[in-house]
Amino acid sequence: MSGVKELAYVVYEVTDLAAWEHFGTALLGMQLADKDADGLSLRMDAKPYRWRVERGTADDLVVSGYEVAGAAELDELVARLTAAGAEVAEGGAALAAARRVDRVVTTVDPMGNRIELVTGFADAETPFASDLLLGEFVTGAGGAGHQVLLSKGVSREAYLAFYEGVLGFRISDIIVEELAPGIVADLIFLHCNPRHHSVAFGDMPHPKKTHHFMVEVTDMRDVGMAWDRCLKAGQPFEMTLGMHPNDNMFSFYVTTPSGFAVEYGWGGLLIDDATWEVKTLDRLNNWGHHPMQAELGWLQAAIANDPAREDAHR
Ligand SMILES: [Fe+2]
């Protein structure tokens with residue numbers, strides 16, 4: 001079954017465009033492609049943009065754009081969406097031009113997330129340049145990155161019927177961890193190319209449609225340098241440095257100006273479908289990824305209880 005081949009772009013609607021420009025460029029190392037009063041576009045690679053950030057009140061994800069291999073494959077997808085009873089419409093020439101694609105079809109997932117299925121997402125006329133990165137963002141066949149979305153009480157069966165059954169995603173793995181008595185994190189990770197997952201779904205209490213977007217870099221030092229830039233800028237962190245046991249991502253989580261997070265990572269695992277076995281894991285992290293508030297509490301306690309430090313201040 002031919003389905004989507006990669007996460008091409010996302011669109012966020014945000015209240016503070018200036019904060020997002022600073023966050024994307026000066027902290028994450030993206031390149032400002034263009035901006036006007038209504039929004040701005042951020043580049044991560046040869047594509048004209050990977051994030052479109054528009055002025056509005058949602059402070060959330062409003063569109064996920066997935067690229068499809070070609071016109072015939074998109075026709076097939078439209079037929080499957082229609083047969084499945086999904087809302088589906090041609091986006092039209094103006095939207096296709098704005099998105100810098102040949103054709104765009106719009107649909108909506110069972111959680112109400114707007115999805116655009118596109119063909120012909122062309123490269124920009126100019127090469128990508130970051131003032132900050134030592135290496136590059138990892139994109140290519142793996143698309144722009146991955147995102148974790150909230151299932152909002154929709155059953156796993158219902159959203160898998162859409163993402164697996166219609167869009168053609170394949171299950172990577174599942175993580176079920178009891179974080180505290182009675183509080184269980186249950187996430188399912190899906191891939192559509194070698195990147196371990198392009199999308200994952202969790203049923204945790206969260207006010208947004210998206211929990212985080214992950215950007216990956218080729219040089220591990222860029223994770224540390226991005227951490228330092230966020231720290232110095234006072235950008236709130238959601239989680240400290242850590243590593244996930246399923247995709248092996250070495251990463252930290254920083255809070256965006258809209259309240260959801262960005263995972264900034266290195267070293268993500270690639271899947272070979274010929275040999276991959278779907279597993280259920282029992283923990284979200286091998287190490288780290290502590291909530292930042294807890295980490296600060298430990299640090300303060302350690303400082304308060306350190307006799308050597310007391311001596312140093314006498
Ligand atoms: Fe992630």
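**Close-up 1. L17 and helix 1 in the predicted model.** In this predicted model, L17 sits in helix 1, which covers residues 17-27. With a relative accessible area of 8%, L17 counts as buried, because that value falls under 20%. Its companions among the buried residues of helix 1 are W20, E21, F23, G24, T25 and L27. Setting aside residues up to four places away in sequence, L17 touches D36, A37, D38, G39, L40, V53, E54 and R55. If you would like a sense of scale, the C-alpha atoms of L17 and E157 are separated by 37 Å, and these positions lie 140 residues apart along the chain count. After helix 1 comes G29, and the phi of G29 is positive, near 90°.

**Close-up 2. The iron site.** Here you can follow the three residues that coordinate the iron ion: H146 and H212, each through NE2, and E263 through OE. The coordination distances run from 1.9 to 2.1 Å. Along the sequence, the donor residues follow the spacing H-x65-H-x50-E. H146 belongs to strand 9 (residues 146-150) and H212 to strand 13 (residues 210-217), so this pair ties together parts of the chain that are 66 residues apart in sequence. Both histidines, H146 and H212, are buried.

**Close-up 3. The largest nonpolar core, and another one apart from it.** In soluble globular proteins, nonpolar side chains tend to be buried together. The largest nonpolar core in this model has 61 residues. Look for W51, L117, Y163 and Y264, the residues with the most contacts inside this core. Strand 1 (residues 4-14) gives the most to the core, contributing five residues. Another core, of eleven residues, lies apart from the largest one and includes A8, Y49, L95 and V104.

**Close-up 4. The surroundings of Y264.** Which residues is Y264 in contact with, leaving aside its neighbours within four places in sequence? The contacts are L28, L133, F137, V215, V217, D222, V223, A226, R229, F250, S251 and F252. Y264 is also one of the residues with the most contacts inside the largest nonpolar core.

**Close-up 5. A nonpolar patch on the surface.** L296, L299 and I303 form this patch, and together they have about 240 Å² of accessible area. I303 is part of helix 6, which spans residues 292-305. Is I303 buried, partly exposed or exposed? Its relative accessibility is 41%, so I303 counts as partly exposed.

Notes
Residues are numbered from 1 along each chain as its sequence is written. This is a predicted model: local features need pLDDT of at least 70, side-chain atom pairs count only at pLDDT 80 or more; totals for chains, interfaces and linings use all residues. Side-chain values use heavy atoms; hydrogens and water are left out. Patches are made of residues with over 30% relative accessible area and no salt bridge: like charges are joined within 9 Å, nonpolar side chains (Val, Leu, Ile, Met, Phe, Trp, Tyr) within 5 Å. Accessible areas come from the Shrake-Rupley method with a 1.4 Å probe; for residues, only the protein chains shown count as cover. A salt bridge is a side-chain nitrogen of Lys or Arg within 4 Å of a carboxyl oxygen of Asp or Glu. Helices (H or I, at least four residues) and strands (E, at least two) are DSSP runs, numbered from the N terminus. Buried means under 20% relative accessible area, exposed over 50%, partly exposed in between (1.4 Å probe, protein chains only). A nonpolar core is a set of buried Ala, Val, Leu, Ile, Met, Phe, Trp, Tyr and Cys residues joined through side-chain atoms within 4.5 Å. Contact means heavy atoms within 4.5 Å. Donors are N, O and S atoms within 2.8 Å of the metal (3.2 Å for Na, K and Ca); water is not among the atoms, so sites may look incomplete.
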